[in-house]
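Colleague: Could you take one part of this model and go through it slowly for a first-year student, explaining each term as it comes up? I would like a close look at a single strand and at what surrounds it.

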Amino acid sequence: GPVELAFTDRHGGVSAAPYDSLNLAFFEDGERDVPRRNLALLLDDFAPGCEVSDLSQVHGAEVVVAAPRASGASRPQADGIVTDAEDVVLLVRAADCVPVLLADHDAGVLGAAHAGRPGVEAGVVTATVAAMRDLGARQVTAWVGPHVCGACYEVPRDLQQQVAAAVPATLATTSWGTPSLDLGAGVRAQLEAEDVTVVDVSACTRESPDLYSYRRDGDRSGRLAGLIRTHARD
């Protein structure tokens, strides 16, 4: 069936300030009910009645195959998730990190990855593509969602050099002339190295008031999401 995907913005949810309004964070220790209601609103709109598979994101390069989760079971600790099932919604959360959604429509294989600085360095998107190919994917397209841009993501020079040694495309400079990392450029380079077709639908989270940004707002930041599914044929 057809592939449907979306990256959310801040609007259309029920969260109060400063998290207004479509905060999809899953704070393990904090307020869960409002983000859960927001997720329910989102899924009612995007994929009514479908199962959602998401992750306890840990800034690594582990990838899991989506599997039904028993009621009350914890989310798998990983930063990539793949499936070849229809009507399973893959969902990743971000607030400056790079959310990536992937699909081979003909093979019916999907993926989603959360690529922050450690994940880019560790190659989480490369690992996600490999896991998709294990499920039979061949021609993969990736959509790169909103994230903090290289002109905004200042880091100490030693950290910049460390990441750029692993992923040279990340090397960047802020708009004010200091060392930075362009995580999106790193992700795109990693995808292109795997012969993945890249569709860049990103905006800078820090520069966009419509998007959540941890860099801009710190602990007052919510989380946006990328979500993808294959629609079962009627």
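Modeller: What follows is a close look at strand E7, beginning with the strand and moving outwards to its sheet, its helices and its core.

This is a predicted model, in which local features need pLDDT of at least 70 and side-chain atom pairs count only at pLDDT 80 or more, while totals for chains, interfaces and linings use all residues. Residues are numbered from 1 along each chain as its sequence is written, and side-chain values use heavy atoms, with hydrogens and water left out.

Strand E7 covers residues 109–115; helices (H or I, at least four residues) and strands (E, at least two) are DSSP runs, numbered from the N terminus. Seven of the seven residues of E7 are buried, so the strand is largely enclosed by the rest of the structure. Here buried means under 20% relative accessible area, exposed means over 50%, and partly exposed lies in between, with a 1.4 Å probe and protein chains only. In a regular strand the side chains alternate between the two faces of the sheet. In E7, Val-109, Gly-111, Ala-113 and Ala-115 point one way, whereas Leu-110, Ala-112 and His-114 point the other way.

Val-109 is worth following closely. This residue of strand E7 has a relative accessible area of 0%, and therefore counts as buried. Leaving aside neighbours within four places in sequence, Val-109 is in contact (heavy atoms within 4.5 Å) with Thr-83, Asp-84, Leu-102, Ala-103, Asp-104, Met-132, Leu-135, Gly-136 and Ala-137. One of these, Gly-136, is 27 residues apart from Val-109 in sequence, and the two are 7.2 Å apart in space, C-alpha to C-alpha.

Next come the strands beside E7. Strands of a sheet pair through backbone hydrogen bonds, either parallel or antiparallel; in this account two strands pair if DSSP finds at least two bridges between them. E6 and E7 pair in the antiparallel sense over seven bridges, and the bridge partner of Asp-104 in E7 is Val-109. The hairpin of E6 and E7 has four residues between the strands, and Gly-108 there takes a positive phi near 70°. Strand E4, residues 80–83, is also antiparallel to E7 and is joined to it by four bridges, with Ile-81 standing opposite Ala-112 in E7.

These strands belong to an open sheet of six, in the order E3-E4-E7-E6-E8-E11, with mixed pairing. Strand E3 (63–65) and strand E11 (197–200) stand at the edges, each with a single partner strand, so one side of each is left without a neighbour in the sheet. The twist averages 20° from one strand to the next; axes are lines fitted to C-alpha atoms, for helices over the stretch in contact, and angles run from 0 to 180 degrees between N-to-C directions.

Two helices lie against this sheet. H3 lies across E3, E4, E6 and E7, and runs at about 165° to E7. H5 packs on the sheet as well, touching E6, E7, E8 and E11, and its direction makes about 20° with that of E6. Two packed helices are described by the angle between their axes and the distance between the axes. For H3 and H5, the axes come within 9 Å and cross at roughly 30°. The contact between these helices is made by Val-125, Thr-126 and Val-129 of H3 and by Val-187, Gln-190 and Leu-191 of H5.

Several of these elements also meet in the largest nonpolar core, which has 31 residues; those with the most contacts inside it are Val-100, Leu-102, Val-125, Val-187 and Leu-191. Such a core is a set of buried Ala, Val, Leu, Ile, Met, Phe, Trp, Tyr and Cys residues joined through side-chain atoms within 4.5 Å. The elements that give two or more residues to this core include strands E6 and E7 and helices H3 and H5, and H3 gives the most, with five residues. Leu-191 touches Val-100, Leu-102, Val-125, Val-129, Ala-142, Val-144, Val-196 and Val-198, not counting residues up to four places away in sequence. Apart from this core lies another, of 13 residues, among them Leu-55, Ala-78, Leu-101 and Ala-112. In soluble globular proteins, nonpolar side chains tend to be buried together.
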